[in-house]
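User: Please take a close look at one part of this structure, the charged side chains and what they meet. I have not seen it before, so explain each step in plain words.

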Amino acid sequence: MTILAVLGFVMAVAMMPASLASASELQRFYDEVSTLQARFIQRVEDERGRVIEITEGQLWLRRPNLFRWSYDGPNPQIIVSNGRNIQLYDVDLSQVTVRPLDDALSGTPALLLAGGADLEQHFSVTSTGRHDDLDWFELTPRNTETDFRLVRLGLREGRILQMELIDQFGQVTRIRFTAIKVNVDVPASRFELDLPPDVDVVRG
């Protein structure tokens, strides 16, 4: 499961259109959240449920199309969208890859980062009830040629607290959000990278 695929789903949910009003918690999230800041723990399991990676970091997003997804060490990475380009900064390699927003996400459900597509056209959304004190929803891609086959979202009081992504090989990425702040001031500078002068810039 690529970082961009995971991030694409976070942003897709953050910008889902009002046509999904059948799910009240999703609708509340759509109606009420314009900015979001949170810590996250990301846990990746193989098809047998064995943990193969645990990472932590912080997420900032602001509608439309602005986000910063920062992974802590031991292999720190930062992914930033300024609304025009996505920049993937590998701190250890001292390299940043820059791609136009549309090109970077073209052909994947993450294209919804651009905010112009209708999520309901690309996914079947089902409410699966309440458990673990969360309201859960499943998003199934209508296009089978994607990196993932199912996404589960757990929300409470209009806030997304957990996300589970299952890829085509059965690998599961579980993300838990904490220290969530919604509709706080997130400055525009948060969505720009301040790079050291010796960083390699690759444009693709």
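Analyst: Glu-164 has a relative accessible area of 13% in this predicted model. Buried means under 20%, so Glu-164 counts as buried. What does the side chain of Glu-164 meet in a salt bridge? The partner is Arg-152, with N and O 3.3 Å apart. The two belong to distant parts of the chain, twelve residues apart: Arg-152 is in strand S9 (residues 148–156) and Glu-164 in strand S10 (residues 159–167). Arg-152 has a relative accessibility of 28% and therefore counts as partly exposed. The pair thus brings together a partly exposed arginine and a buried glutamate. Arg-152 and Glu-164 also belong to one network, in which salt bridges that share partners join them with Arg-43, Glu-45, Glu-138 and Arg-174.

Two other members of that network, Glu-45 and Arg-174, pair with each other. The closest N and O atoms of this salt bridge are 3.1 Å apart. Glu-45 lies in strand S1 and Arg-174 in strand S11 (residues 172–182), so the bridge ties together parts of the chain separated by 129 residues in sequence. Here too the acidic partner is the buried one: Glu-45 has a relative accessible area of 9%, whereas Arg-174, at 31%, is partly exposed.

Why do such pairs form at all? Side chains of opposite charge can pair when their charged atoms come close. A search of the whole structure finds eleven salt bridges. One of them joins Asp-72 and Arg-39, with 2.9 Å from N to O. Asp-72 is in the loop between strand S3 (66–71) and strand S4 (77–82), while Arg-39 is in strand S1, so this bridge connects parts that are 33 residues apart in sequence. Both partners are partly exposed: the relative accessible area is 30% for Asp-72 and 26% for Arg-39.

Just past the end of strand S1 is another acidic residue. Asp-46 sits in the loop between strand S1 (35–45) and strand S2 (51–62). Is Asp-46 buried or exposed? Its relative accessibility is 10%, and a value under 20% means buried, so Asp-46 is buried although it is in a loop. The side chain of Asp-46 makes a polar contact of 2.8 Å with the side chain of Arg-50. Apart from neighbours within four places in sequence, Asp-46 is in contact with Ile-52, Gly-170 and Gln-171.

Asp-198 offers a contrast. This residue is in the loop between S11 and strand S12 (200–203). Its relative accessible area is 61%, over the 50% that marks an exposed residue, so Asp-198 is exposed. Although Asp-198 and Gln-95 are 103 residues apart in sequence, their C-alpha atoms are 8.9 Å apart in space.

A charged side chain can also be placed against a ring. The charged end of Arg-190 sits over the ring of Trp-60, at 4.2 Å from the ring centre.

Rings also meet rings, and strand S1 takes part again. The count comes to three aromatic pairs. One of them is Phe-40 with Trp-69, a stacked pair whose centres are 4.7 Å apart and whose planes make an angle of 15°. Phe-40 is in strand S1 and Trp-69 in strand S3, so the pair ties together parts that are 29 residues apart in sequence. Both rings belong to buried residues: Phe-40 has a relative accessibility of 1%, and Trp-69 has 0%. Together with Tyr-71, Phe-40 and Trp-69 form one aromatic cluster.

Strand S1 therefore recurs in this account: it holds Arg-39, which pairs with Asp-72, Glu-45, which pairs with Arg-174, and Phe-40, which stacks with Trp-69.

Some totals give the setting for these details. The chain has four helices and twelve strands. It has 204 residues, 47% of which count as buried. Among contacts in the chain with a separation of 6 or more, residues 24 or more positions apart account for 48%. The chain exposes about 10,100 Å², and carbon and sulfur atoms supply 45% of that area.

Definitions and conventions: Residues numbered from 1 in each chain as written. Predicted model: local features only at pLDDT ≥ 70, side-chain atom pairs only at ≥ 80, totals over all residues. Heavy atoms only, no water. Buried < 20%, exposed > 50% of the residue type's maximum accessible area, 1.4 Å probe, protein only. Polar contact = N/O pair within 3.5 Å; in protein donor to acceptor, adjacent residues only side chain to side chain. Contact = heavy atoms within 4.5 Å. Salt bridge = Lys/Arg side-chain N within 4 Å of Asp/Glu carboxyl O. Phe/Tyr/Trp six-rings, centres within 6.5 Å; stacked < 30°, edge-to-face > 60°. Lys NZ or Arg CZ within 6 Å of the ring centre and 35° of its normal. Areas by Shrake-Rupley, 256 points an atom, 1.4 Å probe, with all protein chains shown as cover.
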